[in-house]
Amino acid sequence: MSLETQFGGKTALITGAGKGIGRALAVRLSGYGAKVYALARDQNDLTSLKDECPTVEPICVDLMDWDATRTALSQIEPIDILINNAGFGGMQPFLQVTPDVFDQIIGVNLKAAVNVGQVVAEKLIEAGKGGSIVNITSMAGKRTLANYSVFCSAKAASDMLAKGMAVELGQHKIKVNSISLGCVSTPTFQKFVEACGGQGNIDQILAQVKSRTPMTGSDDHPIIPMDDVVNTILFMSSDLCGMLSGENVVLDGGFCAT
């Protein structure tokens with residue numbers, strides 16, 4: 001059996017679907033025959049996604065607004081696959097962390113996953129259906145980064161949230177997992193490059209990452225290919241691994257193993 005045959009007739013909700021990983025997932029799932037709800041806060045991103053992939057159903061809402069998010073999701077049917085992809089970096093040294101940035105990091109990376117997960121799980125339980133939830137996190141939840149203490153904490157918490165959800169939702173045939181990603185070339189990663197002072201500095205950082213990464217890409221680079229990311233997440237979301245639950249998959253070329 002192949003991934004291509006796994007998603008026909010399924011419904012999926014992807015948060016942070018306007019750019020990067022979320023967008024790639026939306027396009028691929030739609031191409032595989034799934035009905036895809038693409039959630040993002042930027043209407044322009046959703047409009048361009050709809051132009052690229054006309055079958056996608058856009059949902060424009062700010063995940064920081066708990067009630068607006070629940071209202072927007074209340075109108076859709078039970079979802080077979082939820083991918084909590086939305087994230088926010090927020091680079092700040094620990095001694096300079098501000099309440100607003102702290103709240104946004106926790107709000108988007110953790111609180112939103114709770115909110116959306118509750119809505120999706122409640123609908124599945126009411127309908128008597130099983131399903132799959134994947135929280136997309138980061139190797140930063142396992143190996144801390146300077147000036148990203150809150151972000152790293154939020155990603156570690158998201159991994160543990162998935163385990164807690166798996167324990168409670170397993171009785172309803174809802175599997176929950178998380179995936180910790182290494183460096184992936186996305187708009188968010190580009191913001192990280194800019195925050196680090198430009199390409200020269202990021203080249204030094206990537207060289208350090210490469211020195212600790214046993215497996216690098218075809219260009220001898222530690223950046224994880226987008227196809228690897230999408231394929232792994234879709235496998236985790238599929239019925240090909242129906243008993244995979246409460247697990248954290250690390251896709252980083254072996255960085256966290258060193």
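**View 1. Strand 1 of the predicted model and the burial of its residues.** In this predicted model, Thr-11, Leu-13 and Thr-15 point one way from strand 1, whereas Ala-12 and Ile-14 point the other way, and all of them are buried. In a regular strand, side chains alternate between the two faces of the sheet. Strand 1 covers residues 11–15, and because 5 of its 5 residues are buried, the strand is largely enclosed by the rest of the structure. The cut-off behind this statement is a relative accessible area under 20%, below which a residue is called buried.

**View 2. The two pairings of strand 1, with strand 2 and with strand 4.** Strand 1 pairs with strand 2 in the parallel sense, and this pairing extends over 5 bridges. Within it, Ile-14 of strand 1 stands opposite Ala-38 in strand 2. Strand 1 also runs parallel to strand 4, to which it is joined by 3 bridges. Here the bridge partner of Leu-13 is Leu-82 in strand 4.

**View 3. The open sheet and its edges.** The sheet is open and has 7 strands, which follow the order 3-2-1-4-5-6-7 with parallel pairing. Its edge strands are strand 3 and strand 7, the latter made of residues 248–251, and each of the two pairs on one side only. On average, and with direction ignored, neighbouring strands of this sheet are turned by 20 degrees against each other.

**View 4. Strand 2 beside strand 3, and strand 4 beside strand 5.** Strand 2, residues 35–40, runs parallel to strand 3, residues 57–60, and 4 bridges join them. One residue to look for is Leu-39, whose bridge partner in strand 3 is Ile-59. Elsewhere in the sheet, strand 4, residues 81–84, is joined by 4 bridges to strand 5, residues 131–138, and these strands run parallel as well. In this pairing Ile-83 stands opposite Val-134 of strand 5.

**View 5. Two right-handed β-α-β units.** Strand 1, helix 1 and strand 2 together make a β-α-β unit, and its hand is right. Strand 2 also takes part in another right-handed β-α-β unit, which continues through helix 2, residues 43–52, to strand 3.

**View 6. The packing of helix 1 against helix 8.** Helix 1, residues 20–31, and helix 8, residues 226–237, pack with their axes 10 Å apart and at an angle of about 65 degrees. The crossing of helix 1 past helix 8 is right-handed. From helix 1, the contact is made by Gly-20, Ile-21, Ala-24, Leu-25, Arg-28 and Leu-29, while helix 8 contributes Met-226, Asp-227, Val-229, Val-230, Asn-231, Ile-233 and Leu-234. Sorted by class, the residues of this contact are 9 nonpolar, 2 polar and 2 charged.

**View 7. The surroundings of Gly-20 in helix 1.** Gly-20 lies in helix 1, and, when its neighbours within four places in sequence are left aside, this glycine is in contact with Thr-186, Pro-187 and Met-226. Although Gly-20 and Val-184 are 164 residues apart along the chain, their C-alpha atoms are separated by 9.0 Å.

**View 8. Helix 5 across strands 5, 6 and 7.** Helix 5, residues 149–169, lies across strand 5, strand 6 (174–181) and strand 7, and runs at about 160 degrees to strand 5. In the loop between strand 5 and helix 5 lies Asn-147, which has a positive phi of about 75 degrees although it is not a glycine. Asn-147 counts as partly exposed, because its relative accessibility is 31%. The loop between helix 5 and strand 6 holds Lys-173, a residue other than glycine whose phi is likewise positive, near 65 degrees. With a relative accessibility of 66%, Lys-173 counts as exposed.

**View 9. Val-97 in the loop between strand 4 and helix 4.** Val-97 is found in the loop that lies between strand 4 and helix 4, the helix of residues 99–127, and at 28% relative accessibility this valine counts as partly exposed. Apart from neighbours within four places in sequence, Val-97 is in contact with Gln-92, Phe-102, Ser-149 and Val-150. From C-alpha to C-alpha, Val-97 and Trp-66 are 23 Å apart in space, and they are 31 residues apart in sequence.

Terms used: Residues numbered from 1 in each chain as written. Predicted model: local features only at pLDDT ≥ 70, side-chain atom pairs only at ≥ 80, totals over all residues. Heavy atoms only, no water. Pairing = 2+ DSSP bridges. Right-handed = clockwise from strand over helix to strand, strands pointing away. Axes fitted to C-alpha atoms, helices over the stretch in contact; angles between N-to-C directions. Left-handed = near helix turned anticlockwise from the far one by under 90°. Contact = heavy atoms within 4.5 Å. Nonpolar A, V, L, I, M, F, W, Y, C, P; charged D, E, K, R; others polar. Buried < 20%, exposed > 50% of the residue type's maximum accessible area, 1.4 Å probe, protein only.
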